[in-house]
Amino acid sequence: MRDIRHHRRSIPALAALAAAAVAAPVLIAAAPASAHERGPREGRLAKELVEEVTARGAYRHLEKFQKIADANGGNRAAGTPGHAASAAYVHDTLKKAGYQVSYQDFDIFEAHTRTERTTVLGDGGRELATAAFTFTPSTPAGGLSAPLALARVDDTPGCTADDYPAGAFAGKIALVKRGACTFVEKERAAAAAGALGVIVYNHSGTTPVRGGFSSPAEAVIPSAGITLADGEALAGAAAKGEVKVRLDLDQEHVKKTTRNVIAETRGGRADRVVTVGAHLDSVPEGPGINDNGSGSAGLLEVALKLADEGANKKDANKKDKGKQPANKVRFAWWSAEELGLLGSEHYVAQLSDRQKKDIALYLNFDMIASPNPAQFVYDGDDSDKTGEGAGPAGSAQIEALINGFLDRKGIPHEGSDFDGRSDYGPFIANGIPAGGTFTGAEGIKTPEQAKRYGGTAGAAYDPNYHGAGDDLRNLDLKAFDTNLDVIAHAVGTYARDLSSLGK
């Protein structure tokens, strides 16, 4: 799952964020679902997939991803040999199972920072801890020296034009507090006001803001982050008189090629495609076994069991035909999610209008084995009334199907906002209904959640999120097994029956 710093939406209606850092979702007891809300009754294919897919079976794929990372510098990041080997493993495994499998190549960029420095000029030239934003433009040689101008601090600090008084930012460096909107929105608002650069200070903690953009083309002016304490000190001093700083950033952007893996059943209606996705890339800092080896392994195991049920047989007998997908099932392993949903965005952007209409729904599984888990289901109907609104028509029914399945198994769960942090984003931005599950990232487990799910209150759902510790030793296999069952049930149901979505 990507860091919130990369968050952006494809259409204006999906642009607002409730907060820059992800808080733990509000705990809401699931209301009993009516028979209609539960969607179609579990069919033969769904039932058999749930019985056959196991955490033990999927764990072998996690072991493979760990071995690949170990052999390739400890990670499987997009554009690296570790990701290429992961993609080849998925591709070749599915090809042997009879799927129609293809690679989809696209370009990405890698940022190499050589200099990241902020110096307060005068009184000895105090230097501040600084983190250059990913894909920032570099400053001129020797740095950019200019007075600071303070963006307004309110509920949406530095997010809109009225946070930058007319004429106050021309030729200056904007100092902006983190929060409420994307770094792209802050940077562009500052640039529109005439700022030469932007420094974002943190809203919490003791480390500099580590922000960024999806590509060099998205960045406008030199941008970097500093700590909360340094930002507040600068803001206090600048409110009393001129404070001049030198921002010195030097960053190289290297173009690389990476690839998505797309596999689909040979049969099933091509105008009623059930699409299921998970991102395959890790961050450079670790092997990414929970994020998102777990979702990738889960999809791979379900795809293999679906093949075992005869999904790719051309000569299915009468008995097999009762388990044949009536609708085409398309599995996708996205690359460069950690850089800003680049793989899924590229995929959706390449589709024609007709091809988009042919996708009946999209299911997303990103981080499904967190070591201190909660059971989150994407809030397709916006019943939680937090953050973004409801998903496209059909998303509520997908949520109901998953909730109904978990309810029947006696497994507690709660809603999670469609906040754009994973690969469902490009699909819902194009009106395609979506849903899925995850077990939590860097958000903090509440006492109520610990009572409900077990685990440790006051600790992150995944303390190893985006770190070297995201490995085979730090997984919850019970949560993994639960979410594998969710994938199997949803794939098996929708492969045979789309009636709950009005199709």
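Asn483 sits at 0% relative accessibility, so it counts as buried (under 20% relative accessible area with a 1.4 Å probe and protein chains only; exposed is over 50%, and partly exposed is in between). The residue belongs to helix H14 (residues 477-496); helices here are DSSP runs of H or I with at least four residues, strands are runs of E with at least two, and both are numbered from the N terminus. Setting aside neighbours within four places in sequence, Asn483 is in contact with Ile368, Gln375, Thr437 and Thr439, where contact means heavy atoms within 4.5 Å.

Before going on, a word on the model. It is a predicted one, in which local features need pLDDT of at least 70 and side-chain atom pairs count only at pLDDT 80 or more, while totals for chains, interfaces and linings use all residues. Residues are numbered from 1 along each chain as its sequence is written, and side-chain values use heavy atoms, with hydrogens and water left out.

Now for the strands, starting with S8 (residues 244-264), which is joined to S1 (residues 100-120) by 20 bridges, the two running antiparallel. Strands are taken to pair if DSSP finds at least two bridges between them. Along S1 and S8, Asp107 stands opposite Thr257. S8 also runs antiparallel to S4 (residues 144-150), with 4 bridges, and there Ser145 has Arg246 as its bridge partner. Then there is S10 (residues 327-334), which pairs with S8 in the antiparallel sense over 4 bridges; Glu264 is set opposite Arg330 in S10.

S10 also takes us to a nonpolar core, meaning a set of buried Ala, Val, Leu, Ile, Met, Phe, Trp, Tyr and Cys residues joined through side-chain atoms within 4.5 Å. The largest one has 58 residues, and Phe331, Trp333 and Tyr494 have the most contacts inside it. Not counting residues up to four places away in sequence, Phe331 touches a list of residues that includes Tyr99, Val261, Ala263, Leu299, Ala303 and Val491.

Ala303 leads on to a pair of helices, since it is one of the H7 residues that meet H4. The axes of H4 (residues 81-96) and H7 (residues 289-308) come within 10 Å and cross at roughly 10°; axes are lines fitted to C-alpha atoms, for helices over the stretch in contact, and angles run from 0 to 180 degrees between N-to-C directions. H4 and H7 are therefore roughly parallel to each other, a label for angles under 35 degrees (over 145 is roughly antiparallel, 65 to 115 roughly perpendicular and the rest oblique). On the H4 side, Tyr89, Val90, Thr93 and Leu94 meet Leu300, Ala303 and Leu304 of H7.

Elsewhere, strand S7 (residues 223-226) points Ser223 and Gly225 one way and Ala224 and Ile226 the other, and all are buried. That fits the usual pattern: in a regular strand, side chains alternate between the two faces of the sheet. S7 has an antiparallel partner in S3 (residues 131-132), with 2 bridges, where Ala131 stands opposite Gly225. With S6 (residues 197-201), S7 pairs in the parallel sense over 4 bridges, and Ile199 stands opposite Ala224.

Both S6 and S7 help to cover the buried residues of helix H5, as does S5 (173-177). Which residues of H5 (residues 183-192) are buried? They are Phe183, Val184, Lys186, Glu187, Ala189 and Ala190. After H5 comes Gly194, whose phi is positive, near 100°.
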